[in-house]
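Look over the model below before reading on. The report starts with an enclosed space, then turns to the chain and its cysteines.

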Amino acid sequence: MAGATRRVVPSYDGQTIGPAPVLVDEPKRDRTLKKGMVLCGIATLGFSAITVLVGALSLGANAFDLVLTGLDTFNFFNANTLLWLQLVILIPILALLAPQLYRSVWRDVGQSIRSRPRLFALVGGGVFYFFAQVFLFQAAATLGPAVAAPLLFSYPLLAVPLLWWLNGDRPNLLRSVVMLAIAMGVVLILRPLALANAGPSLLSAVAFSLYVVTNSLNSRQSHPISAGLIQHCIMAILSSIILLIRPMAVTQDLTGQFVLGGLALGLVAGVSYFFHYTGLRLVGGLRTALVAAATPIVTALLAIFTLINQPSLQIIQWPGIILITLGGMTLALDRLSRQ
């Protein structure tokens, strides 16, 4: 999920588009900025596709000559199995890509492991990100991707106050209005739903907000690529432990379909992370967050156009999705303007 916006991104030593120096090649800078934004847009589409594919594996789909029959039930342990299959492919891809994107990645990994504060923050972030992903998968498989992704992006309702408290920042009027708009968006989306059914989505948002806050504690110490690699390994360890304790039981003849789908998730995630990290190096974390904030509306539209069995959205839910999307983008723009 990649992952993944919309989010506090650790600082890094790569190329960043910031305030222009006295002497600068403006055309080259503009080309770099456009290229980075396009790459971030592709990554956002990829992360949305992951959520939609999870919904297709559970709810069933018949698009692009691909027929998926779906599962009768989908719970936390099914979601964990699917995440484990994704990580089996994703982690080797990240390990191969990381040195190409950041030459000092293994040195940074070693320093992070030897430093207790950094390792503690990375372990905490990995655990919170694991639960955010598992609950997101469970929500996408039951409520549908078009609802699950927007509710995940309500995470600023908890993350922003915690970051204000940790950093000592006082909220301004704009942020307060944006938080109110996001809260209204959540209410509009939940209005037609039973609150119990929305539980996984809300838990995903809570876990992701704690992941964002934990990452902010380590933002100036670890490079985002090395931090991401370590956290995905932590996720794989936790997922493996749960899988050993409670393996998924597939009651239908869908084992092959489920496994292939999980491995496909890993491939899509690997490509998405490549574009994400490449775009991050070119435009910086704040512009990356600005593009990633469009994930709710992108996921909803992608699910509506590709999944026949996607639960239909009520008219009242569309304004909620738009409010959450615009709220996330406004928060990113506000931070960008104060950079």
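## Second largest cavity

In this predicted model, the second largest cavity holds about 60 Å³ of space. Its lining draws two or more residues from each of α2 (76–101), α9 (224–245) and α10 (255–283). The top contributor is α2, which gives four residues.

Which residues line the second largest cavity? They are Leu94, Leu97, Ala98, Leu101, Ile225, Leu229, Tyr273, Phe274 and Tyr277. By class, nine lining residues are nonpolar. No polar and no charged residues take part in this lining. Tyr counts as nonpolar in this scheme, so Tyr273 and Tyr277 fit that tally.

## Chain overview

The chain has 339 residues, and 55% of them are buried. Its secondary structure comprises 13 helices and two strands.

About 15,300 Å² of the chain is exposed. Carbon and sulfur atoms account for 67% of that area.

## Cysteines

How many disulfides does the model contain? The count is zero. A disulfide here requires two cysteine sulfur atoms within 2.5 Å.

Is Cys40 buried or exposed? Cys40 has 3% relative accessibility. The cut-off for buried is under 20%, so Cys40 counts as buried. Cys233 has 31% relative accessibility. Partly exposed covers the range between under 20% and over 50%, so Cys233 counts as partly exposed.

Technical notes
Residues numbered from 1 in each chain as written. Predicted model: local features only at pLDDT ≥ 70, side-chain atom pairs only at ≥ 80, totals over all residues. Heavy atoms only, no water. Buried < 20%, exposed > 50% of the residue type's maximum accessible area, 1.4 Å probe, protein only. Areas by Shrake-Rupley, 256 points an atom, 1.4 Å probe, with all protein chains shown as cover. 1 Å grid on protein atoms, 1.4 Å probe; cavity = no way out; pocket = protein on both sides within 12 Å on 5 of 7 lines; lining within 4 Å. Points joined across faces, edges and corners; volume = space filled by probe spheres on them.
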